[in-house]
Amino acid sequence: MCLKNKLQFLQSIWRQRITQGHTSFDQKIYQKVKIVAGGEGTCEVEFQVDEEHTNPAGLLHGGFSACLIDSVSTLALLTHPRQVPGVSVNLNITYLKAAKIGDNILVKAATDKVGKNLAFLNVQIVNKQSGAILAQGSHTKYLV
């Protein structure tokens, strides 16, 4: 599958999640998140921080960041030649800097390794204007 087709594949999965999400939570928080690149074990999404993405202090919510790391790394894994989503066995996040309402964010996920039973992925959440890394995540998935 060429990169353009992989990007369209990812966008189709994302649209389905937004319109037929598992919960109204998925639909609300992911509505403004757009897939901008993907293929060969990678995926990138971007969005502008809005009120529904924030905690009571008005900053990007850590739980939303965790959801992004989980979801975007899974999409990256779907563009790997094995194309299996797997199930999470470990999700680790280090929060480095805050983002506020109006900040433009880029989330970049990459597949580090896909073995027989496990896949290892890494994710960075970056402020697009400053280039500052806001959070780093690693995601390990068991491949069913």
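## A nonpolar patch on the surface

Val87 is partly exposed, its relative accessible area being 43%, and this residue of the predicted model lies in strand 3. Together with Val89, Leu118, Phe120, Tyr142 and Val144, Val87 forms a nonpolar patch on the surface, and the accessible area of these residues together is about 550 Å². Two strands, namely strand 3, which covers residues 87-95, and strand 5, which covers residues 118-127, each contribute at least two residues to the nonpolar patch.

## A buried residue of helix 3

Ile69 is found in helix 3, which runs over residues 62-78, and with a relative accessibility of 0% Ile69 counts as buried. When residues up to four places away in sequence are left aside, Ile69 touches Leu91, Ile93, Val123, Ile125, Gly137 and His139. One of these contacts, Val123, stands 54 residues from Ile69 along the chain, while the C-alpha atoms of the two are separated by 6.1 Å.

## Cysteines without a disulfide

How many disulfides does the model contain? The count comes to zero, and for Cys43 the reason lies in distance, because the closest cysteine sulfur, in Cys67, is 15 Å from the sulfur of Cys43, too far for a bond. Cys67 is likewise in no disulfide, with the sulfur of Cys43 as its nearest cysteine sulfur at 15 Å.

As to their surroundings, Cys43 counts as buried at 1% relative accessibility, whereas Cys67, at 24% relative accessibility, counts as partly exposed.

Technical notes
Residues numbered from 1 in each chain as written. Predicted model: local features only at pLDDT ≥ 70, side-chain atom pairs only at ≥ 80, totals over all residues. Heavy atoms only, no water. Patch = residues over 30% accessible without salt bridge, like charges linked within 9 Å, V, L, I, M, F, W, Y side chains within 5 Å. Areas by Shrake-Rupley, 256 points an atom, 1.4 Å probe, with all protein chains shown as cover. Salt bridge = Lys/Arg side-chain N within 4 Å of Asp/Glu carboxyl O. Helix = DSSP H or I, 4+ residues; strand = E, 2+ residues; numbered from the N terminus. Buried < 20%, exposed > 50% of the residue type's maximum accessible area, 1.4 Å probe, protein only. Contact = heavy atoms within 4.5 Å. Disulfide = S-S within 2.5 Å.
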